[in-house]
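Subject: The structure we talked about

Hi there,

Here is the structure I promised to send over. Please open it beside this email, and I will walk you through what I found.

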Amino acid sequence: MTVPPTPSAPARQWLRDHSELGVCVLLFALGALVLGDVLTMDVEIAQRGPVGPRTVPAVVGAALLLVAVLLAVDVLRGGRGETEQGEDTDPATPGDPRTVLLLAAVFLGNAVLIQPLGFPASGALMFWGSAWVLGSRAHHRDPLIAAALSVVTYVVFDSLLGIPLPGGPLMEVL
């Protein structure tokens, strides 16, 4: 027994055929959010040159809006994202929500633990957890690589770039 098509069936099919418009909406919203933050940003009058703290976020926000509009125009003209020929994927295979949720939990855990533990410890847990979620089972090697990567990242940002990251109680010992 076949079900007769409903009036919303063509609309659903059109949305499925143009699903990339969802990415356009997301990019546009993100660009608007960034530009909104730039406009409400408190900036001290004294700055060292023509490029202030608003410049880079404004360029990024404008670029996000431009890319969103250009992508929407392309999609509405019939452009579609194609799978790369070098990828060994099957588009019919469903995604793996478990991996995505576990990775989101690892990143959220890092955001929660960065203040009490400091970046070196929370970053090491994040790198180690991400490696485990993505399939690495080198249990003797992964924690060492994660710790080294986290400490190197901390030193590069804190010492070389001058961007302070929370060191946590572990850095007081070192």
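Below are my notes, from the whole chain down to single residues.

Please keep in mind that this is a predicted model.

**The chain as a whole**

The protein chain is built from seven helices and has zero strands. If you follow the sequence from start to end, the pattern reads α-α-α-α-α-α-α. The chain has 174 residues, and 21% of them count as buried. Its exposed surface comes to about 13000 Å², with carbon and sulfur atoms supplying 69% of that area. Looking at contacts in the chain with a separation of 6 or more, 59% are between residues 24 or more positions apart.

**Helix α3**

This is a good helix to look at early on. It runs over residues 55-76, and at 1.5 Å a residue its 22 residues should span 32 Å; the end C-alpha atoms are 32 Å apart, so expectation and model agree.

Which residues of α3 are buried? They are G61, L64, L65, A68, A72 and V75. These residues cover an arc of only 105° around the axis, which means that they sit on the same side of α3. The buried residues pack against α2, which is made of residues 21-39. Turn to the other side of α3 and you will find V56, V59, L66 and L70 exposed. After the helix comes G78, with a positive phi near 110°.

Two more residues of α3 are worth a click. P57 is found in this helix. Its relative accessible area is 25%, which is over the 20% limit for buried and under the 50% limit for exposed, so P57 counts as partly exposed. Leaving aside neighbours within four places in sequence, P57 is in contact with V34, V38 and M41. The C-alpha atoms of P57 and D37 are 8.6 Å from each other, with the two positions 20 residues apart along the chain.

L71 also has its place in α3. This leucine is partly exposed too, with a relative accessible area of 27%. With neighbours up to four places away left aside, L71 is in contact with V23, C24 and L27. L71 and L21 are 50 residues apart in sequence, yet their C-alpha atoms are 7.9 Å apart in space.

**Helices α4 and α5**

N110 lies in helix α4, which covers residues 97-117. Is this asparagine buried or exposed? The relative accessible area of N110 is 13%, so N110 falls under the 20% cut-off and counts as buried. Apart from neighbours within four places in sequence, N110 is in contact with S122, G123 and M126.

Those three contact partners of N110 also appear among the buried residues of α5. The full set in α5 is F119, P120, S122, G123, A124, M126, G129, S130 and V133. Helix α5 itself takes in residues 119-133, and its 15 residues should span 21 Å at 1.5 Å a residue; the end C-alpha atoms are 20 Å apart, which agrees. Just after α5, G135 has a positive phi of about 110°.

**From the loop after α5 to D142**

S136 lies in the loop between α5 and α6, the latter being residues 142-160. Not counting residues up to four places away in sequence, S136 touches A131, R141 and D142. With D142, the side chain of S136 makes a polar contact of 2.6 Å.

How many salt bridges does the structure hold? It holds one. Side chains of opposite charge can pair when their charged atoms come close. Here the partners are R141 and D142, whose closest N and O atoms are 4.0 Å apart. The two partners differ in burial: R141 is partly exposed, with a relative accessible area of 43%, whereas D142 is buried, at 9%. D142 is thus a good residue to centre your view on, as it takes part in the salt bridge with R141 and in the side-chain contact with S136.

Happy to go through any of this together once you have had a look.

Best wishes

Conventions
Residues numbered from 1 in each chain as written. Predicted model: local features only at pLDDT ≥ 70, side-chain atom pairs only at ≥ 80, totals over all residues. Heavy atoms only, no water. Helix = DSSP H or I, 4+ residues; strand = E, 2+ residues; numbered from the N terminus. Buried < 20%, exposed > 50% of the residue type's maximum accessible area, 1.4 Å probe, protein only. Contact = heavy atoms within 4.5 Å. Areas by Shrake-Rupley, 256 points an atom, 1.4 Å probe, with all protein chains shown as cover. Expected span 1.5 Å × (residues − 1). Arc of directions from axis to C-beta. Salt bridge = Lys/Arg side-chain N within 4 Å of Asp/Glu carboxyl O. Polar contact = N/O pair within 3.5 Å; in protein donor to acceptor, adjacent residues only side chain to side chain.
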